[in-house]
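Let's take a friendly walk through a protein model and look at how charged side chains pair up. Keep the 3D view open as you read.

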Amino acid sequence: MQFNVAQLLKEPIGANRRYEMQEDLRDLDSELDVLGPLVGHVQLIRIHSGILVKGELSTAIRANCNRCLEPLAEPVRFELEESFRPLTEVRTGRFILPDEFEGEEDALEDEALLINEQHILDISEVVRQNIWLAMPMIAGCNWTGEGECPNWLNYLEQVRETTGEPPARGEGREDAIDPRWAALEELRKQMEGKDSSAPGASGTDTAD
């Protein structure tokens with residue numbers, strides 16, 4: 001996701017380039033379980049302070065359904081619009097200070113938005129951040145068949161086997177006991193049983 005923009009930086013304001021994207025994202029972020037390449041297009045536009053990058057991009061990420069815990073493919077789509085400033089003048093090689101540009105200081109000094117000394121513009125970090133922002137906070141498998149989602153029903157059955165009762169309708173996962181924690185739940189019950197059978201556990205004091 002790198003572009004050599006040396007020639008574009010020599011051109012007048014308004015000059016542009018358009019690129020079709022099909023990029024492998026497997027090394028972008030170890031916490032993202034990527035299922036497909038990044039596809040779409042980006043347009044690089046010469047502006048007074050550097051290069052404006054605009055684009056429409058999409059990919060797919062593996063997530064877990066918030067309700068039934070099953071893995072699912074979550075499509076991720078986002079629009080990109082960021083301005084990148086050069087570190088050096090393309091003709092002279094002179095370093096350009098941030099205060100020579102107009103704009104917010106944080107944006108002007110953001111390393112993800114800099115065009116390096118070799119005039120390479122890298123959108124990798126911007127893409128990574130946008131993928132995280134575009135992902136839903138609560139992923140769901142969105143079962144559209146008749147009746148309840150079969151994965152959800154299977155989850156309820158596991159909860160019933162663990163606790164004796166399923167969670168009430170409308171309750172979320174946080175109100176139910178995840179079957180994967182069944183051993184710890186059983187240990188907790190055993191410890192509570194020992195505490196209640198200990199002398200004085202009833203809460204009444206005996207007179208001397």
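How many salt bridges does the structure hold? The answer is six. Keep in mind that this is a predicted model. Let's visit some of these pairs.

Start with Glu11 and Arg17, whose side chains form a salt bridge with N and O 2.4 Å apart. Is Glu11 buried or exposed? Neither label fits, because buried means under 20% relative accessible area and exposed means over 50%. Glu11 has 21% relative accessibility, so it is partly exposed. Its partner Arg17 has 25% relative accessibility, so Arg17 is partly exposed too.

Next, find Arg18 and Glu20. Their side chains also meet in a salt bridge, with an N to O distance of 3.5 Å. Here both residues, Arg18 and Glu20, are exposed.

Now move along the chain to helix α3, which covers residues 124–134. Glu125 and Arg128 both sit in this helix, three residues apart, and that spacing is about one turn of the helix. These two residues form a salt bridge as well, and their closest N and O atoms are 2.9 Å apart. Glu125 has a relative accessible area of 29%, so it counts as partly exposed. Arg128, at 23% relative accessibility, is partly exposed as well.

Which residue joins Glu125 and Arg128 in one network? It is Asp29: salt bridges with shared partners link Asp29, Glu125 and Arg128 together.

Key. Residues numbered from 1 in each chain as written. Predicted model: local features only at pLDDT ≥ 70, side-chain atom pairs only at ≥ 80, totals over all residues. Heavy atoms only, no water. Salt bridge = Lys/Arg side-chain N within 4 Å of Asp/Glu carboxyl O. Buried < 20%, exposed > 50% of the residue type's maximum accessible area, 1.4 Å probe, protein only. Helix = DSSP H or I, 4+ residues; strand = E, 2+ residues; numbered from the N terminus.
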